[in-house]
Amino acid sequence: LFENLDDDLGVTCRCRLSDVQKGWRLGCVNSRSVSHKVDLLSPRFKRGKAWLLFLDWESDMVEVDKEAAEVASLFSGVLQSCGSWRLSGNEDCTTWAASADAFADKDLAGIGGWWTADGSWPSCPSEILWFSCEIRLADLPPRWGVKGDLQKIIATLEAVAQWLLLWCRKQQGNLCRIELRQCCDNQGTMHAS
């Protein structure tokens, strides 16, 4: 694989003994963003294997469903309304600390997140700022069109949790790093959006 990557991590020809295709671009190794070929020389192996994520923006095989498109639109609107943001490259994510997520089952969902005031990893629990919100299916207005199961809108809830994390940090006066690569347990929707 290493020999078949150009300087932008694009695959220049089909790789033998794998299904990696020409035109794909390497995006992650073991869930860590990569931006240079040298990032591949010392991956952290798990049980002797490395997990790779390839990107293919031109693929006709991936269809973006309505929910994924709405999540992408939500993120786009939030970013546009917040003025200019400095987009970062492949900085080590241990230099800042913040996270948000969501859970959902049929009738109950929750969103939450945490961050630190200076963006560093906390040395004690009192340094952690957080938010949490419970959402019940019965509390949602009918015009939102959520019928029968909050799990069906988990990608939207995860996007709202990320937006709330950004909003909370901005209210506190924190400048925060934004990486447009989603990291969540909803892999299909994440890759489509």
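Reader: Which pattern does the protein follow when read along the sequence?
Author: This is a predicted model, in which local features need pLDDT of at least 70, side-chain atom pairs count only at pLDDT 80 or more, and totals for chains, interfaces and linings use all residues. Side-chain values use heavy atoms, with hydrogens and water left out, and residues are numbered from 1 along each chain as its sequence is written. Helices (H or I, at least four residues) and strands (E, at least two) are DSSP runs, numbered from the N terminus. Read along the sequence, the pattern is β-β-β-α-β-β-β-α-α.

Reader: Which strands stand at the edges of the open sheet S2-S1-S3?
Author: Two strands pair if DSSP finds at least two bridges between them. The three strands of this open sheet are paired antiparallel, and S1 (residues 25-29) joins S2 over two bridges. Each edge strand has a single partner, so one side of it lacks a neighbour in the sheet; these strands are S2 (32-33) and S3 (52-55).

Reader: Which element gives the most to the largest nonpolar core?
Author: Such a core is a set of buried (under 20% relative accessible area, 1.4 Å probe, protein chains only) Ala, Val, Leu, Ile, Met, Phe, Trp, Tyr and Cys residues joined through side-chain atoms within 4.5 Å. Of its 19 residues, Ile-111, Leu-150 and Leu-157 touch the most other members. Strands S4 (98-104), S5 (108-116) and S6 (128-136) and helix H2 (154-171) each supply at least two residues. With six residues, the element that gives the most is H2.

Reader: How many residues does the second, separate core have?
Author: Val-11, Val-20, Leu-26 and Val-29 are included in this second core. Its number of residues is 10.

Notes. Buried < 20%, exposed > 50% of the residue type's maximum accessible area, 1.4 Å probe, protein only.
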